[in-house]
Amino acid sequence: MIILLVGAPGAGKGTQADLLVKRCGFRKLSTGDALRKHIRENTPIGKSAAAIMEQGKLVPDDVLLEILNAELGNDPAEVIVLDGYPRNLNQARALAKLQSPHKVCAVAHLDASRAVIVDRLSGRRVCSQCGTSYHVVEKRPSKDQICDNCGGAVVQRPDDRPDSIATRLDVFEESTAPVLDYYRNGGLYDKVEADGDPEAVAKALQKVLVSRVEKCR
Ligand code: AP5
């Protein structure tokens, strides 16, 4: 069973997916994380995706489908939180046609305002080794630029620079917002207010997902 987390960059999809993994035993599948792993490992996918991601644009649909097919798995008992896919109508249609035991049972739209998003993304810093997330004001590592978790270097994500943030937000409006319309009338869609602190968002999100997952089982 698949739960889709859809929202603009910085809406908190990754943060909420991690909480769902910890608290509900679901599995997270983040297409952004999968692509960054390809880049770290210098695979052909990583080589072709790096520059596109740095600019804040979308990686081609066929690459994403390849990643999805490789990562979804075939265990029908698993609940997978899909973070970052689909990002356009073509991907939404591909997901609907996918030969897989997993079917979409919930579409949670994390809805955050632009000002909140820009603050979160422009202040974000991440560990280059383990991916732990920090913020220049809200959550600094105890030692400057050194990850508390693994000692790795804490850096700015290349696509968190102002011009890339602006492109990512434009891409969301142009390509991903229509995906929300696609799901809105399908009976699986819930909008969750995502400007609040992570715990407030988690409470609202988990409330809607519990009943969606129960209905699907
Ligand atoms: P991806 O990694 O998916 O990036 P994104 O969608 O831009 O999402 P972010 O990770 O920036 O934000 P998020 O909503 O997950 O928020 P997070 O929890 O991290 O994709 C990167 C790129 O890969 C894309 O631009 C594209 O190039 C490519 N790609 C990926 N999927 C693709 C696809 N399907 N098709 C084509 N290309 C694809 O939080 C952000 C920050 O805010 C963190 O610092 C966090 O600590 C903080 N925060 C989160 N929630 C809160 C809260 N409630 N209160 C305060 N701070 C919060």
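**Entry 1: helix α6**

I started with the buried residues of α6, which pack against β5, β6 and α7. The model I am reading is a predicted one. I listed the buried residues of α6 as I117, L121 and G123. The helix covers residues 114-123 and lies across β5 and β6. I noted its angle to β5 as about 40 degrees.

**Entry 2: the sheet**

Next I looked up the strands under α6's entry. β5 sits in the middle of an open sheet of three strands, in the order β6-β5-β7, with antiparallel pairing. The edge strands are β6 (133-135) and β7 (154-155), and each of them pairs on one side only. I then checked how β5 and β7 are joined. Strand β5 takes in residues 124-127, and two bridges connect it to β7. I wrote down one facing pair: V126 stands opposite V155 in β7.

**Entry 3: α5 against α7**

I moved on to α7, one of the elements that the buried residues of α6 pack against. Helix α7 spans residues 162-184, and helix α5 spans residues 89-97. Their axes come within 8 Å and cross at roughly 45 degrees. That angle makes α5 oblique to α7. From α5 I recorded L89, A92, R93, L95 and A96 at the contact; from α7 I recorded S175, P178, V179, Y182 and Y183. By class, the residues of this contact are eight nonpolar, one polar and one charged.

**Entry 4: Y183**

I picked Y183 out of the α7 list for a separate look. Is Y183 buried or exposed? Y183 has a relative accessible area of 10%, so it counts as buried, the cut-off being under 20%. Which residues does Y183 touch, leaving aside its neighbours within four places in sequence? I found L4, P86, A92, L95, V107 and Y189. Of these, A92 and L95 are in α5. I also noted the distance from Y183 to A106: the two are 77 residues apart in sequence, and their C-alpha atoms are 9.5 Å apart in space.

**Entry 5: α2 against α3**

Last, I looked up another helix pair. Helix α2 (residues 31-40) packs with helix α3 (residues 44-55) at an angle of about 115 degrees, and their axes are 8 Å apart. I entered the crossing as left-handed. On the α2 side the contact is made by G32, L35, R36, H38 and I39. On the α3 side it is made by I45, G46, A49, A50 and M53. I sorted the residues of this contact into six nonpolar, three polar and one charged.

Definitions and conventions
Residues are numbered from 1 along each chain as its sequence is written. This is a predicted model: local features need pLDDT of at least 70, side-chain atom pairs count only at pLDDT 80 or more; totals for chains, interfaces and linings use all residues. Side-chain values use heavy atoms; hydrogens and water are left out. Axes are lines fitted to C-alpha atoms, for helices over the stretch in contact, and angles run from 0 to 180 degrees between N-to-C directions. Helices (H or I, at least four residues) and strands (E, at least two) are DSSP runs, numbered from the N terminus. Angles under 35 degrees count as roughly parallel, over 145 as roughly antiparallel, 65 to 115 as roughly perpendicular and the rest as oblique. Contact means heavy atoms within 4.5 Å. Ala, Val, Leu, Ile, Met, Phe, Trp, Tyr, Cys and Pro count as nonpolar, Asp, Glu, Lys and Arg as charged, and the others, Gly among them, as polar. A crossing is left-handed if the near helix is turned anticlockwise from the far one by less than a right angle, and right-handed if clockwise. Two strands pair if DSSP finds at least two bridges between them. Buried means under 20% relative accessible area, exposed over 50%, partly exposed in between (1.4 Å probe, protein chains only).
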